[in-house]
Every structure is written in C-alpha cells, then in structure tokens.
Amino acid sequence: SYDDYGQYGDQGYDGQMIDPNMTAGADGNKGFIEEHLVQLTSDRRSPWRCLLCQKDYVSKSNASRHFETMHIETPEEKCRVCHKTLKNKNSLTNHMVIIHGLNRGIRTQNQTVS
C-alpha cells in the first residue's frame, strides 16, 4: 500500500517529493524532518539515516539538508545577479558562492544581495 510520504508498505521509497503543506511549509518543518531521521546508534558520532530513502549521513545537519532538498518540495529561488532559476535556497547559496564568489549577504529572490 502507498502512503502520503512516497513509501510503499515494504518501506521502499518511490522518489516522489513530499507536499510542503504536510510539513508546515518549507521554513517550519524542523519537527517533521526530525521525525524522518534516526541516529543509528547511541554513540554521538554515529551516522544519521534518512528513513525515506535509507541514505546515511555523517551529521544530523547533512541529513536534514538532504531531507529538505530531496524529499520536500520547496519554492524555486532566483539569482539576483544573473537571474538563473535554482531548485531551492540551498542551491541558490551554493550558486552564489561558486559562480559569483559571494559568501555573505545572500538573500532570496524577494530580497537584495549585498
């Protein structure tokens, strides 16, 4: 059986994105994300696993970023410098650093770049 999280009863993940309305929106989904991550052992250095796709990450922040960028639909972001449309805020940040050499004052499409 298929559930709302893109999983089948066998725990297989079908790759579909989660509707952000189910997560309280892209900026208010911390609790939702944490429900879908698990630390593999009680050792604080233990890796974290995404429960949707079973991928492991060294840190909780990496696992959270993975979950938000891969499993939750987020609004596209537009670069204020070159007007390129990017998949999400994380992609915009990477783009601004790599392509435009900016590492501070990065803002979303509705704000300015300092």
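**Exercise 1.** Find which residues make the nonpolar surface patch of about 190 Å², and work out whether Leu 51 is buried or exposed, fully or in part.

*Solution.* The patch is made by Val 38, Leu 40 and Leu 51. Patches consist of residues with over 30% relative accessible area and no salt bridge, where like charges are joined within 9 Å and nonpolar side chains (Val, Leu, Ile, Met, Phe, Trp, Tyr) within 5 Å. Accessible areas come from the Shrake-Rupley method with a 1.4 Å probe, and for residues only the protein chains shown count as cover; a salt bridge is a side-chain nitrogen of Lys or Arg within 4 Å of a carboxyl oxygen of Asp or Glu. Next, place Leu 51 in the loop between β2 (48–50) and β3 (56–57), where strands (E, at least two residues) and helices (H or I, at least four) are DSSP runs numbered from the N terminus. Leu 51 has a relative accessible area of 33%, so it is partly exposed (buried is under 20%, exposed over 50%, partly exposed in between, with a 1.4 Å probe and protein chains only).

The model is predicted, so local features need pLDDT of at least 70, side-chain atom pairs count only at 80 or more, and totals for chains, interfaces and linings use all residues. Residues are numbered from 1 along each chain as its sequence is written, and side-chain values use heavy atoms, without hydrogens and water.

**Exercise 2.** Determine where Gln 54 lies and what is notable about its phi.

*Solution.* Gln 54 is in the loop between β2 and β3. Its phi is near 70°, a positive value in a residue other than glycine. At 39% relative accessibility, Gln 54 is partly exposed.
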